[in-house]
Amino acid sequence: MIEKERIIPRIILILQALLRRLPLNHPKLHMISEELGKRMAGFKGETALDYTLSFLDPKKYFILHDLRIPHKDSFFQIDTLLITSKFILIIEVKYLAGTAYFDPIFNQLIQIKDGNEQALPDPTIQIKRQESQLINWLSKHGFPYIPIYSCVAMSNDRTIIKTSPANKTLNKIVIHRHSLLDKINGIENSVGKETASTKDIKKLIRTLKRQHEEPKPSILQRLNIEEEKLLKGVICEVCNHRPLVRKHGTWFCLKCESSNNDAHIQALIDYELLIGSKINNTEIRKYLVIDSPYVAKRLLQSLNFPTTGTKKGTQYILSFNEDQSKKAKQKNPPTI
C-alpha cells in the first residue's frame, strides 16, 4: 500500500515558475533550463519505478515516497522507503542515459554519454549513510530493531552498468528496476521471522509522515536573481502574452483575444513559489499589474485565503486547495 504518494518535487515547480517569469534574454535562463531538465529526468526515473512497485502485495508492503526527515542538525532524504514486518528497504533511484561506471577507488559514479564523461556522487555511499541515519532515527524514537537494507535502482532500462573487475559486490547493491522485485523476494527469503508487529508498522508510518518536511528552497537567493527582475502580470495560457488586462470580471489577452476567469491563480502560485507565501493588497496590484485596490481585494477574498492583520495591515497567506492547484497544473503541465 502506498502510504505517501510521489508528487512533483517543489523545486521542479519553482524552476518552471522561474522560467515563466524571467525575460527571454536573461543570462541565467539556459542554466535554469538545464537544471530543470536534469530534475525532470530524475523525477521521470522515480515514476518509472512506481510501475514495478505496483506488483507488490499492498497488504504486505508499505511504500513511502520522497521522505525528508530531520536528523541532528540537518535532514536525510530517501527516494522510496519500503516497509514490511520483516525488514525495511531504502531504494535510491537513478535515471541515467548511456553508461554508468562505478569507480570504487575514488567513490564516484561516472556517467559516459555521447563520448563525454561526467563525475557524479556515488549513490552506493549515499545509501549506506541513509541506512546509518535511519537506524539512529529508529533508535531515538524507540522503535524495535528492524533489519535495514538498501539498493540503487537504475530506472532507465537502457543504462549500461559497469565497474572494475575487483568490485565484485556491486551487483548486489546496484540493479536495474526490472530486477527490483527479485531483490525484494531475495531479502524476504533470507530474513527469518517477523521483527515488527502491525502496531509497530502503523506507528512507524505515522511518525515518518508526521516528521516529513517539504523543502522550501529560495531559488532567487541561490541563483542571485533580484525579485525586481521577475516579469509581472498575468500570463496568457494560449499565447504566453503578458500582462493580461482585467475586464468585466475576467482576464483578457490583447494579443490573441482569449479570455480566462482564473488566470490569476497560476500567477499567484508563481508568486508563492518564487517570492513568498504572504501578500498584501499593494503587492498584488503591483504584481498582477492592476490599479484598483477593490479588484485586488475581491480577487484575494474569492480564493478564501487565510489572513493576518487588519485593515491596511492585512496580509493574505497564499495557500491553494487541490482544485485550484489542479487548474493551474492542467494549464501548465510539467513536461516529463
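Lys 203 lies over the face of Phe 143, 5.6 Å from the ring centre; a charge counts as sitting over a ring if NZ of Lys or CZ of Arg is within 6 Å of the ring centre and within 35 degrees of the ring normal. Arg 68 does likewise with Phe 75, its charged end sitting over the ring at 3.8 Å from the centre. The model behind these values is predicted, with local features needing pLDDT of at least 70 and side-chain atom pairs counting only at pLDDT 80 or more, while totals for chains, interfaces and linings use all residues. Residues are numbered from 1 along each chain as its sequence is written, and side-chain values use heavy atoms, with hydrogens and water left out.

Rings also meet other rings here, and a search of the whole structure turns up 5 aromatic pairs. Rings of Phe, Tyr and Trp (its six-membered ring) pair if their centres lie within 6.5 Å, with planes under 30 degrees apart called stacked, over 60 edge-to-face and the rest tilted. Among them is the stacked pair of Trp 137 and Phe 143, at 5.9 Å centre to centre with 15 degrees between the planes. Trp 137 and Phe 143 are both buried (under 20% relative accessible area; exposed is over 50% and partly exposed in between, with a 1.4 Å probe and protein chains only). Phe 305 and Phe 320 make an edge-to-face pair, because their planes stand at 85 degrees, with the centres 5.4 Å apart. Phe 305 is in the loop between helix 9 (293-302) and strand 15 (307-308), and Phe 320 in the loop between strand 16 (315-317) and helix 10 (322-331), so the pair ties together parts 15 residues apart in sequence. Helices (H or I, at least four residues) and strands (E, at least two) are DSSP runs, numbered from the N terminus. Both of these Phe residues, 305 and 320, are buried.

Phe 320 turns up again around Glu 272, a residue of helix 7 (residues 263-274). Leaving aside neighbours within four places in sequence, Glu 272 is in contact (heavy atoms within 4.5 Å) with Arg 10, Ser 277, Leu 318 and Phe 320. Glu 272 counts as buried, because its relative accessibility is 14%.

Next come the sheets. An open sheet of 6 strands runs in the order 1-2-3-4-8-10, with mixed pairing; two strands pair if DSSP finds at least two bridges between them. Strand 1 (2-4) and strand 10 (174-176) stand at the edges with a single partner strand each, so one side of each has no neighbour in the sheet. Strand 1 pairs with strand 2 (residues 62-71) in the parallel sense over 2 bridges, and Ile 2 stands opposite Ile 63 in strand 2. Helix 3 packs on this sheet, touching strands including strand 8 (148-154), and its direction makes about 150 degrees with that of strand 8. Such axes are lines fitted to C-alpha atoms, for helices over the stretch in contact, and angles run from 0 to 180 degrees between N-to-C directions. Helix 5 (residues 198-211) lies across strand 1, strand 2, strand 3 and strand 4, at about 55 degrees to strand 2.

In helix 3, the buried residues include Ile 127, Leu 134 and Trp 137. Gly 142 follows helix 3 and has a positive phi, near 75 degrees.

Another open sheet has 4 strands in the order 7-6-5-9, again with mixed pairing. Strand 5 (residues 99-103) and strand 6 (residues 108-113) run antiparallel, joined by 5 bridges, and Ala 100 stands opposite Gln 111 in strand 6.
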